[in-house]
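Please take me through this structure in the viewer, one selection at a time, and tell me what is to be found at each stop.

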Amino acid sequence: MAVMDPGELSPEQLQLTRDDVGAPLPSGGDMRSSGSLSRQLLGVFAENKLAIVGAVVVVLMILLCYIGPDFYHTNQTSTQQALLYSSQNSPPGAQYPLGTDSNGFDILGRIMYGGQTSLEIGFAAAGIATVIGVIWGAVSGFFGGVVDAVMMRIVDVFLALPGIYLLLTLTVIFRSSEELLILVIGFTAWLVPARLVRGETLTLRVREYVQAVRVMGGRGSRVVARHIVPNAIGTIIVNATFQVADAILILAALGFLGLGVPAPKTDWGSMLSNGVNYVTTGYWWEIYPVAGAIVLVVVSLNFIGDALRDALEVRLQRR
Amino acid sequence: MLAGVTLVTFVLSHVIPGGAARGALGARATPGQIASFNQINGYDLPLWDQLYRYLEGLVLHFNLGYSYKSNEPVKDLIFSRLPKTLVLLGLSTTLALIVAIPLGILQVVRRNTIVDYLLTAMSFLLYAMPDFLIGLLLILYLAVDVHLFSIAAPDASTVAGILADPRALVLPVLTLASTTVAAFSRYMRSSMMDVLTQDYIRTAQAKGASKSRVLYRHALRNGLISIVTLLGLSIPAIVSGAVVDETVFNYPGMGLLTYNAALNNDVPLLLGTTFVAAISVIVGSLVADVLYAVVDPRIRYAKR
């Protein structure tokens with residue numbers, strides 16, 4: 001937290017500060033008077049052009065992947081049919097706007113189809129990671145003491161296990177599927193939100209209003225659910241945005257290692273790793289469109305996350 | 001911490017659906033084959049006895065079991081590959097730091113100019129590209145189109161042999177460094193910006209210190225602190241990145257070993273490499289902690 005400029009404080013606040021000398025000032029979650037969270041979030045987008053661009057790109061990509069196939073009909077499930085009725089590795093042209101891949105699948109259609117998987121896994125894995133992380137971090141920080149020590153040591157242990165190694169092991173032990181990938185990626189990504197939320201909780205639980213709830217007989221679960229988590233929501237949302245981007249990248253890496261979703265389904269990573277087999281033959285349409293899709297979505301999510309972070313003044317430690 | 005990692009790998013080795021024997025021998029193994037496999041590997045003993053034997057072997061002999069595929073001790077397989085991965089990790093992380101720190105400073109000096117925007121855009125782009133794509137594009141443009149570097153990684157069996165073939169080593173190192181550079185330079189920029197708004201910087205400027213003196217003597221050192229923190233935090237990610245990198249370039253390190261183990265369903269080997277990777281992450285974080293004390297004199301460990 002940046003050192004606060006005393007000039008910004010009103011005399012009353014300065015007085016309060018002197019009275020509190022000795023006790024650490026509560027930090028984090030600065031007071032804001034700009035209305036509800038949703039209005040703050042809207043404000044972010046109104047101010048930051050990059051965030052608008054990012055949000056528009058993400059929404060368009062979601063529309064393309066889910067509504068697109070309703071207007072642009074292609075066969076994306078039967079390899080046999082694709083091999084029989086269309087030419088393989090054909091360049092972009094009138095019949096195939098983005099060409100076909102080595103199985104004869106239409107690439108534009110495949111980007112939509114694979115995009116569904118990639119986006120679903122990305123958002124769902126980030127959701128799981130965030131939910132587990134928030135609960136874990138809030139409980140750990142709220143109870144403190146031995147509970148906190150044990151729970152955080154468990155986080156440390158999993159942090160020491162490099163993600164890809166754990167992912168490789170888990171996808172080998174259990175057969176790969178879309179649901180498993182969501183669980184596995186989510187399960188390796190919950191550590192960062194857990195740490196962040198624990199940190200927030202540690203500062204929030206000593207606040208007067210939290211103590212007031214406890215004095216009035218509010219149970220721990222109520223304090224965590226109604227008072228601590230809503231106050232840490234800024235940190236949580238910012239991190240969740242980055243989680244989606246990271247999950248899409250991790251999925252792409254797994255696809256390259258041959259551990260993406262099994263055929264006939266596909267995801268952007270698996271498509272890209274198919275395409276790069278032809279990197280030396282000049283079949284650029286099998287690489288750049290899908291690579292562009294990944295990069296666009298990930299960059300956009302990062303723009304959104306950065307803007308949210310700046311606006312909500314959340315200090316995060318990102319890799 | 002080490003104990004926790006050990007426990008995780010032990011638990012993982014026991015959650016294979018249908019048992020380890022099915023995983024190793026395939027779905028068509030006869031009950032007799034499974035029984036003898038379980039007996040040889042001690043899987044028929046009570047769980048606590050297995051844990052005890054596992055720990056005893058691990059602590060006394062660093063025994064990580066035998067590879068299902070090649071029947072060699074996992075320990076030997078890993079130790080023949082580990083030094084090569086460490087070379088790759090060390091070189092690329094050093095390169096990343098050497099490039100990222102000046103880039104970050106350059107962006108701060110030229111903040112809100114074209115240079116700054118271009119570099120920011122570049123780091124966003126690099127960060128958003130899957131590692132293997134960067135590697136393959138580098139191969140395409142620098143090894144296939146222009147024959148600057150070799151396509152494949154050095155295939156020498158020793159560390160010295162690998163270092164003796166720098167043309168082949170450049171691309172794997174560059175690939176692994178690129179994502180790290182993207183993250184580090186962005187972080188360096190924001191951390192320097194933070195530092196430059198602080199009071200002591202204004203004091204230094206007021207005293208009449210030159211611009212470069214303020215930047216390098218006063219700001220840089222504090223800016224570096226957060227980079228060291230970031231370095232410690234990103235070690236697991238760098239070690240993970242090495243798996244993809246080694247697969248792209250066929251670099252004979254521990255990452256490729258892990259990848260092949262995954263393809264072969266070689267669970268003991270996978271768990272062994274995971275265990276060793278976790279240890280290297282722990283050691284790496286310790287090194288970052290020591291660096292911490294070097295960069296920031298306010299942090300001192302066990303001095304009194």
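**Where the two chains meet**

Begin by colouring chain A and chain B separately: in this predicted model, the area buried between chain B and chain A is about 4300 Å², and carbon and sulfur atoms give 75% of that area. Next, select B:Phe124, B:Tyr127 and B:Phe132, which are the residues of chain B that lose the most area to chain A and which together make up 15% of what that side buries. If you then select every residue that takes part in the contact, you should have 52 residues from chain B and 47 residues from chain A.

Stay with the two chains and look for polar features, where the count between chain B and chain A is 3 residue pairs in polar contact, both residues being at pLDDT 80 or more. Several helices of chain B each supply at least two residues of the side that touches chain A, among them α1 (2-13), α6 (114-128), α9 (166-196) and α13 (267-295). Select α11(B) in particular, since with 12 residues α11(B) gives the most to that side. Coloured by class, the side of chain B that touches chain A shows 40 nonpolar, 10 polar and 2 charged residues.

**The salt bridge across the contact**

Between chain B and chain A the count is 1 salt bridge. To see a salt bridge between B:Arg186 and A:Asp306, show both side chains and find their closest N and O atoms, which are 3.1 Å apart.

**Salt bridges within the chains**

Over all chains, a search of the whole structure finds 6 salt bridges. In chain A, select A:Asp156 and A:Arg153, whose side chains meet in a salt bridge at 3.0 Å, N to O. These two residues are separated by about one helical turn, because they lie 3 residues apart in helix α7 (residues 145-160) of chain A. A:Asp156 is buried, at 14% relative accessible area, whereas A:Arg153 is partly exposed, at 48%.

Keep A:Asp156 selected and add A:Arg195, with which A:Asp156 forms a further salt bridge, the closest N and O atoms being 3.4 Å apart. This pair links distant parts of the chain, 39 residues apart, with A:Arg195 in helix α10 (residues 191-204) of chain A.

For the last stop, go to helix α10 (residues 199-206) of chain B, where B:Asp199 and B:Arg202 lie 3 residues apart, about one turn of the helix. Their side chains meet in a salt bridge at 3.4 Å, N to O; B:Asp199 is partly exposed, at 45% relative accessibility, while B:Arg202 is exposed, at 52%.

Note on methods:
Residues are numbered from 1 along each chain as its sequence is written. Chains are lettered from A and ligands numbered from 1 in the order in which they are written. This is a predicted model: local features need pLDDT of at least 70, side-chain atom pairs count only at pLDDT 80 or more; totals for chains, interfaces and linings use all residues. Side-chain values use heavy atoms; hydrogens and water are left out. Contact means heavy atoms within 4.5 Å. Buried area is the accessible area (1.4 Å probe) that two parts lose on being put together, summed over both. A salt bridge is a side-chain nitrogen of Lys or Arg within 4 Å of a carboxyl oxygen of Asp or Glu. A polar contact is a pair of N or O atoms within 3.5 Å; within protein, one must be able to donate a hydrogen and the other to accept it, and residues adjacent in sequence count only if both atoms are side-chain atoms. Helices (H or I, at least four residues) and strands (E, at least two) are DSSP runs, numbered from the N terminus. Ala, Val, Leu, Ile, Met, Phe, Trp, Tyr, Cys and Pro count as nonpolar, Asp, Glu, Lys and Arg as charged, and the others, Gly among them, as polar. Buried means under 20% relative accessible area, exposed over 50%, partly exposed in between (1.4 Å probe, protein chains only).
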